[in-house]
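Me: I have just opened this entry and would like a short tour. Could we begin with one strand and then turn to the ligand?

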Amino acid sequence: MSDRTRLDQEVIVIGAGVAGIYQIKLLADLGVDATVLDAAGDLGGTWYRNRYPGARFDSESYTYGYSFSKELLNEWHWKERFSSQPENLRYLNYVAGKFDLRKYMQFNCKVEAAHFDETNHLWRLTIDNGRQLTSRFVIMTVGLLSIPTPPRFKGMDKFKGRSFHTFHWPHEPVEMIGKRVAVIGTGATGIQVIAEIADKVGDLTVFQRRPNWCAPLNNGPISEAEMADIRSRYNDIFKTCRRSPGGFEHEPDRRGFYEVSREERLALWDKLYGSPGFAIWLRNFREIFTDEKANAEFSEYVADRIRRRVKDPAVAEKLIPRDHGFGVQRVPMETHYFEAYNRNNVHLVDISETPVEEITETGLRTTERDYQFDIIVYATGFDAITGAFDRIDIQGVGGAKLRDKWSDGPSTYLGMLVHGFPNFLMPSGPQSGSASTNYPRGIETGVNWCTKLVNYMWDHGHTRADPALEAQDRWTEHVKQMYSAMLMRKAKSWFTGYNSNVPGHEHGKIRYFVYNGGAPKYVSQINEVAENGYEGIVFTSGFTSVQRQGEDGKQRRENA
Ligand SMILES: Cc1cc2nc3c(=O)[nH]c(=O)nc-3n(C[C@H](O)[C@H](O)[C@H](O)COP(=O)(O)OP(=O)(O)OC[C@H]3O[C@@H](n4cnc5c(N)ncnc54)[C@H](O)[C@@H]3O)c2cc1C
């Protein structure tokens, strides 16, 4: 064996969030020589990073947790129906500890490059400290909301107070009492942080460019007795998640919107507005997603709710979205968000009318006036879905760069493979079933599928798997078709690749980022592909994978 064919690991997993943790668990169970690299200082991904006040699930906690271990399900007590960041991070640490997974993880290892070596069927990775590593497979669990996008205001480095993107919220407590705080952005994060800090800060000014539709989370504690009940129903809960389009407990109301009277519609909506989580979105009539008139009627219902909750009618009108209907973007869930604007210390500035001109030493200047702040919070979201891929110099066959291939939007096979990038797996990649559903349910599906694929290759002596271009084109076309019926295709949202802070992601060009066919359809298609001997994937057997018994008695696979 020449040195050029030496594998440092059979598999390198990039990212130690929900997906990477589960991926390494399965590889460890198989006794495979694998490691997880993460740029962050510790595991947890989303829940390690986003420490801003108010950060919490909008998935029911007990449907977000892993489903793979009965023991784990029986041991863990979710304390809230929608639990907060500290508890979520504790949970992921508990899982890593319980299954002894930390020993496979390496932190402060940012992968800067991954180049495919065609001769030797392996990947050559470069870490930011200059370290080089090789592996047969690279599994990308880099996250779909893991690259924050600060705004592009002039003078951002001039501000003398404290400022941070919500993703970079400091680990130590931030003193907010009595402080003059600005929050820029009213997406899912802004909505959480504004509601949480409104009654704690001295003065809060919210800079809003476009309002988002949002609805009450209706959170609450989970008692011992309730948790015992949830544990006894886990099988049914996960069965419902598998059956539902969104991977949640919420299933759509299958009555036709126009088949029931207006009174019946209102009765349903009154009930949903008081129900927990995404019920308002996902237990609604299906026409909300596809029919302009139905969507407009429901949007007007929610607008009235906002008017009832916000005392100042002018402020209420500013908080009602005009450029899109309810639910065509991922719906942020809130707790007393609208009531925050009834407080004397909270002010709303519409920066579509008076744009921010620059950040100054003491605050910021809009076209209208100067503002003074102690803290500026940028709640401006993420370079979603492809951002983490674009940040790595990924080169496949013939030195082709993934970021060039995807410059107009991703093209994948099943959301998990890319033509010309062999042995490069994305369990929850763009166009997979993860991003449009309850993530962990999609993640488990993707990780299981990818693990079976690599196991299949080891069993058959294959050392290279590359999806055929036609198969990829077919999948991408299918993903596009799924958008055509959805109102979301018109929205300025990360579902369509819109982000004004990322060059090239301005409005007007749809990026087909997510799979909109629903979880059951997605799962049945990827399973069918596997059952048919992984049709659409071209396998090559250049190097023999051999198995040997490790010192610990576990099977290890190595290249010969
Ligand atoms: C505030 C917030 C709340 C959310 N709430 C929900 C919710 O309630 N329900 C839901 O379904 N989803 C939610 N999501 C989506 C959430 O991202 C997923 O639920 C889930 O955490 C994704 O896990 P992941 O492992 O795929 O990615 P992540 O958790 O993002 O982890 C990716 C990891 O990859 C690492 N990484 C990236 N690039 C590199 C590189 N080049 N080199 C090395 N390491 C790298 C990152 O450091 C990170 O640790 C939320 C997201 C946010 C931001």
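Me: Which residue is the bridge partner of L125 in β6?
Reply: This is a predicted model. In β6, L125 has L133 as its bridge partner. The strands involved are β5, residues 122-127, and β6, residues 132-140. They pair in the antiparallel sense over 4 bridges.

Me: And what sits between the strands in that hairpin?
Reply: There are 4 residues between β5 and β6. In this hairpin, G130 takes a positive phi near 95°.

Me: Which strands pair with β6 in the parallel sense?
Reply: Strand β1, residues 9-14, does so over 5 bridges, and V11 has F137 as its bridge partner there. Strand β18, residues 424-425, also pairs with β6 in the parallel sense, over 2 bridges. In that pairing, V138 is matched with F424.

Me: Is β6 mostly covered or mostly open, and how many of its residues are buried?
Reply: β6 is mostly covered, with 8 of its 9 residues buried.

Me: Changing topic: which residues come nearest to the ligand?
Reply: Of the 33 residues around the ligand, the nearest are D38, D58, S59, Y64 and Y439.

Me: What polar contacts does the ligand have?
Reply: Among them, a polar side-chain atom of D38 lies 2.6 Å from a ligand oxygen atom, and a backbone N or O atom of D58 lies 2.7 Å from an oxygen atom of the ligand. A polar backbone atom of V111 is 2.9 Å from a ligand nitrogen atom.

Me: How much of the ligand does the protein bury?
Reply: Taken alone, the ligand exposes 980 Å², and the protein buries 94% of that.

Me: Which helix supplies the largest share of the shell?
Reply: That is α15, with 3 residues.

Notes. Residues numbered from 1 in each chain as written. Predicted model: local features only at pLDDT ≥ 70, side-chain atom pairs only at ≥ 80, totals over all residues. Heavy atoms only, no water. Buried < 20%, exposed > 50% of the residue type's maximum accessible area, 1.4 Å probe, protein only. Pairing = 2+ DSSP bridges. Near = heavy atom within 4 Å. Polar contact = N/O pair within 3.5 Å; in protein donor to acceptor, adjacent residues only side chain to side chain. Areas by Shrake-Rupley, 256 points an atom, 1.4 Å probe, with all protein chains shown as cover.
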